[in-house]
Amino acid sequence: MHKRILYAGAAVVTLLAGCQTSKPAASATTAATAVGPVVETLGDYPVPANEFAYVYRKNNSSAPDYGTRQSVTDYLDLYTNFRLKVLEAEKRGLDTTQAFRRELDGYRQQLAQPYLTEKSVTDQLVREAYDRMSQEVNASHILVRVAPDATPQDTLAAYQKIEQLRKQALAGEDFGQLARANSEDPSAKENGGKLGYFTAMQMVYPFESAAYKTPVGQVSQPVRTRFGYHIIKVNDKRAAQGEIKVAHLMIRMNANAAKSDSLTAKKKIDELYSRLKKGENWDKLVAQFSEDAGSAANGGELPPFGTGRMIPSFEEAAFKLQKPGDLSAPVQTPYGWHVIKLIEKQPLAKFADLEAGLKSKVAKDSRSELNKAAFLKRVRQEDQFVEVPAAKTYAFSKADTALVAGRFKYTAPAAATGKPAKGAGNDNSALFTIKGKPYTVKDFLTYAQQNQRPRTGAQPSFAMQQLYDQYVEQSLTDFEKNSLETKYEDYRMLVKEYRDGILLFQLMDEKVWSKAIEDTVGLKKYFAENQAKYQWDQRVQGSVVSAATPALLSRVQKELKGGRFPVTRNVPKTAAFRPNSAVFSKTGALALQEVAKRMLQDTLARVTLTGRVKKGEKASLAAARADSAARYLRTRGGVPARRIGKAVQKATADSQVQIALTTANPAAIEAEMNEQNPLSVQISQRIFQKGDNKVMDELMSKGPGTYNVQKDGRYYAVTIDKTLPAGPKTLAEARGQATSDYQTYLEKEWIAQMRAARPVKVNEAEVNKLVTK
């Protein structure tokens with residue numbers, strides 16, 4: 001029950017409305033004729049003035065220039081382009097496809113949700129949740145399970161059992177022992193029913209309410225949730241811990257990482273923690289070494305969080321920090337290792353700041369059942385729900401033991417069987433009406449057959465009542481959904497925006513986005529005509545080596561100068577062979593498998609295999625063993641022959657092939673030199689532009705050469721091999737930007753064509769009505 005939520009940082013996807021070309025919102029089919037004044041005509045298509053006014057207000061009312069002539073005319077220009085695109089999509093029949101209708105229906109269902117609730121009830125529940133968040137409750141519970149739609153007999157039995165347990169608890173029996181022996185919550189056998197501290201929105205609503213209303217040291221009345229009946233003993237209540245803001249330095253480590261990688265990550269975090277404890281600058285180390293790209297550039301800062309919003313190990317360590325600047329020891333989570341720094345502790349945020357988030361949670365929480373009940377009560381009245389008792393009695397007479405077993409079968413009559421007798425009903429009778437629309441007995445019985453399920457031990461009338469309640473609820477909800485566009489202008493306009501947006505997306509993809517990618521001839525022509533826009537600033541080709549000490553820097557430079565360097569870390573040194581044989585042993589095969597794996601990972605690696613024989617063996621075995629090992633790497637390991645070298649060595653102390661792995665990959669130097677200290681060395685070899693590397697930026701103007709500098713406690717060797725002058729980019733180098741620019745060009749050309757085909761005539765009198773300042 002006590003569910004913790006991992007904080008992962010959420011991305012919010014917004015569908016833009018009005019005249020934006022990403023994916024606007026939408027509604028019913030675009031009208032062919034306007035009712036009332038028009039703000040403009042596009043060819044023979046009239047744009048209703050009230051439609052444009054609505055969209056303009058919605059998307060611009062908070063802008064500083066709202067109501068100015070410039071604002072209105074600029075937006076009308078954008079809206080005109082938007083409407084022309086939608087008209088073109090309709091002309092092509094894109095609004096008639098099955099895929100379009102399916103997508104629009106999905107959005108329509110989402111957009112309807114806020115209109116199928118009771119705002120006053122939501123507001124009350126949101127305020128209650130906020131007030132409870134100022135307190136945390138420590139409680140234990142005992143659960144007796146019973147299904148939400150259990151039969152009256154099963155419900156009574158569960159209630160009697162929980163009531164008896166409550167009496168035992170009130171009589172002084174140990175609550176923990178009662179929980180271990182009787183609770184049907186599986187965790188109770190270990191924790192004695194203890195739930196620890198929790199706050200609002202972390203338990204199902206009826207449970208939460210009972211816990212908050214029960215005084216410390218007392219046991220609640222039985223409370224029913226979707227899990228069953230509970231009794232709750234409140235152990236303690238305390239003021240909420242509030243929220244804290246922290247920063248972290250993270251070294252990533254996959255939960256399933258190899259042991260060697262896990263040890264490397266642990267060494268890195270320990271080294272960084274040691275340096276931080278010695279007083280090194282937090283921001284500098286985070287910027288250089290933290291592997292959380294989203295926070296590293298900002299000193300590792302994370303958004304504020306409270307109880308239950310982080311992974312438990314991270315949260316526990318964070319809340320233990322007392323003063324701003326305090327550091328935690330390295331903490332492990334499924335994502336890696338963290339050092340946490342406390343920035344500040346914050347009290348519970350103001351209601352206005354939390355209101356929107358709480359509303360979203362309330363809609364998904366068990367509290368929503370209260371809202372749902374209030375909504376159904378309202379629409380019963382507004383939509384004039386009228387039940388027909390005689391028809392209901394007739395429908396319920398069809399219930400039998402087959403319904404209880406989940407095998408009820410119903411065949412609707414082919415036609416009406418005549419008028420029912422007074423006080424009776426038949427299959428075609430109206431079971432109830434909603435605003436005069438009849439819902440017949442046969443429709444309900446068909447629903448019952450399709451939605452029945454076994455209800456062991458229930459009476460047929462109880463099973464039928466359950467299905468009837470579901471059918472009434474669904475019918476009222478569906479009727480209200482289908483009435484939304486006539487009842488609420490906001491909903492009607494929003495659906496229209498989504499409709500138009502879906503059409504616009506499809507056509508923009510065809511005419512602009514995909515076309516710019518696929519039209520290689522057009523892209524090349526556009527790029528050639530606009531070459532001046534795609535130019536390189538000055539660049540250099542070279543390398544930047546960073547080391548913790550001058551000695552390490554000198555050693556790295558020496559290794560780099562040689563061009564190839566040995567790789568020994570986690571690489572087998574030999575592959576064993578059987579005596580007097582060119583067949584390797586089992587351990588020899590495992591060694592060669594590891595070498596092949598490393599060589600496939602590092603395409604710059606090469607290996608030299610030296611065959612050896614000991615005294616008493618044939619000298620020819622040395623070459624045969626080297627050949628055998630090389631063949632294994634080629635055929636079983638997939639290593640190209642050009643990356644395998646062979647040699648022989650006679651009369652040695654063993655019968656093995658010696659393995660010497662080398663590489664031209666600078667990452668291998670880093671791995672070797674960082675084995676003891678994971679922050680010893682960093683190497684980067686590539687083409688640098690301004691802004692890629694701060695140290696290189698300072699030396700870029702000096703030209704080719706090697707420059708040793710010290711900066712921020714690190715020692716650098718910067719080599720500039722050659723300067724690449726400013727000049728034109730190739731299409732391959734500028735493809736991303738050129739493609740984007742070409743898309744913009746295609747869109748402008750397309751709009752010009754549509755405006756020519758549908759001349760725009762603006763009704764200035766209606767435009768003037770929107771100019772307020």
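**Figure 1. Pairing of V386 within the three-stranded sheet of the predicted model.** V386 has T433 of strand 11 as its bridge partner. The model shown here and in the following views is a predicted one. Strand 10 and strand 11 run antiparallel and are joined by three bridges. Together with strand 12, these strands make up an open sheet of three strands in the order 10-11-12, paired in antiparallel fashion. Its edges are strand 10 (385-387) and strand 12, each of which pairs on one side only. From one strand to the next, the twist averages 25 degrees.

**Figure 2. The hairpin of strand 11 and strand 12.** Strand 11 (residues 430-434) and strand 12 (residues 437-440) run antiparallel, with four bridges joining them. T433 takes part here as well, with P438 as its bridge partner in strand 12. The two strands form a hairpin in which two residues lie between them. In the turn, K435 has a positive phi of about 50 degrees.

**Figure 3. Helices against the sheet of strands 10, 11 and 12.** Three bridges connect strand 10 to strand 11 in this antiparallel sheet. Helix 17 (residues 441-451) packs on the sheet and touches strand 11 and strand 12. The direction of helix 17 makes about 50 degrees with that of strand 12. Helix 18 (residues 460-487) lies across strand 10, strand 11 and strand 12. Relative to strand 11, helix 18 runs at about 30 degrees.

**Figure 4. The open sheet of strands 4, 3, 6 and 5.** Four strands are arranged in the order 4-3-6-5 and form an open sheet with antiparallel pairing. Strand 4 (194-198) and strand 5 (223-225) are the edge strands, each pairing on one side only. On average, and with direction ignored, neighbouring strands of this sheet are turned by 40 degrees against each other. Strand 3 (residues 135-145) is joined to strand 4 by four bridges, and the two run antiparallel. Within this pair, V137 has F198 of strand 4 as its bridge partner. Helix 8 (residues 205-213) lies across strand 3, strand 4, strand 5 and strand 6 (228-239). The angle at which helix 8 runs to strand 6 is about 50 degrees.

**Figure 5. The second largest pocket and its lining.** This pocket holds about 910 Å³ of space. Its lining comprises 35 residues, of which D261, T264, R569, A667 and A671 are the closest to the centre. Both helices and strands contribute to the lining. Strand 7 (243-252), strand 19 (656-663) and strand 20 (681-688) each supply at least two residues. The same holds for helix 9 (259-277), helix 10 (282-289), helix 22 (586-601) and helix 24 (666-673). Sorted by class, the lining has 14 nonpolar, nine polar and 12 charged residues.

**Figure 6. The surroundings of N677.** N677 is placed in the loop between helix 24 and strand 20. The side chain of N677 is joined to that of E271 by a polar contact of 3.3 Å. V495, 182 residues away along the chain, has its C-alpha atom separated by 60 Å from that of N677.

**Figure 7. The largest cavity.** One cavity of 30 Å³ or more is present in the structure. The volume of the largest cavity is about 60 Å³. Ten residues line the largest cavity, and the closest to its centre are V55, Y79, R83, E497 and D500. Helix 1 (49-60), helix 2 (69-91) and helix 19 (489-518) each supply at least two residues of this lining. Helix 19 provides the largest share, four residues. Four nonpolar, one polar and five charged residues make up the lining by class.

**Figure 8. T68 in the loop between helix 1 and helix 2.** T68 occupies a place in the loop that lies between helix 1 and helix 2. A polar atom of the T68 side chain lies 2.8 Å from the backbone oxygen of D65. With neighbours within four places in sequence left aside, T68 is in contact with Y56, V771 and K773.

Terms used:
Residues numbered from 1 in each chain as written. Predicted model: local features only at pLDDT ≥ 70, side-chain atom pairs only at ≥ 80, totals over all residues. Heavy atoms only, no water. Pairing = 2+ DSSP bridges. Axes fitted to C-alpha atoms, helices over the stretch in contact; angles between N-to-C directions. Contact = heavy atoms within 4.5 Å. 1 Å grid on protein atoms, 1.4 Å probe; cavity = no way out; pocket = protein on both sides within 12 Å on 5 of 7 lines; lining within 4 Å. Points joined across faces, edges and corners; volume = space filled by probe spheres on them. Nonpolar A, V, L, I, M, F, W, Y, C, P; charged D, E, K, R; others polar. Polar contact = N/O pair within 3.5 Å; in protein donor to acceptor, adjacent residues only side chain to side chain.
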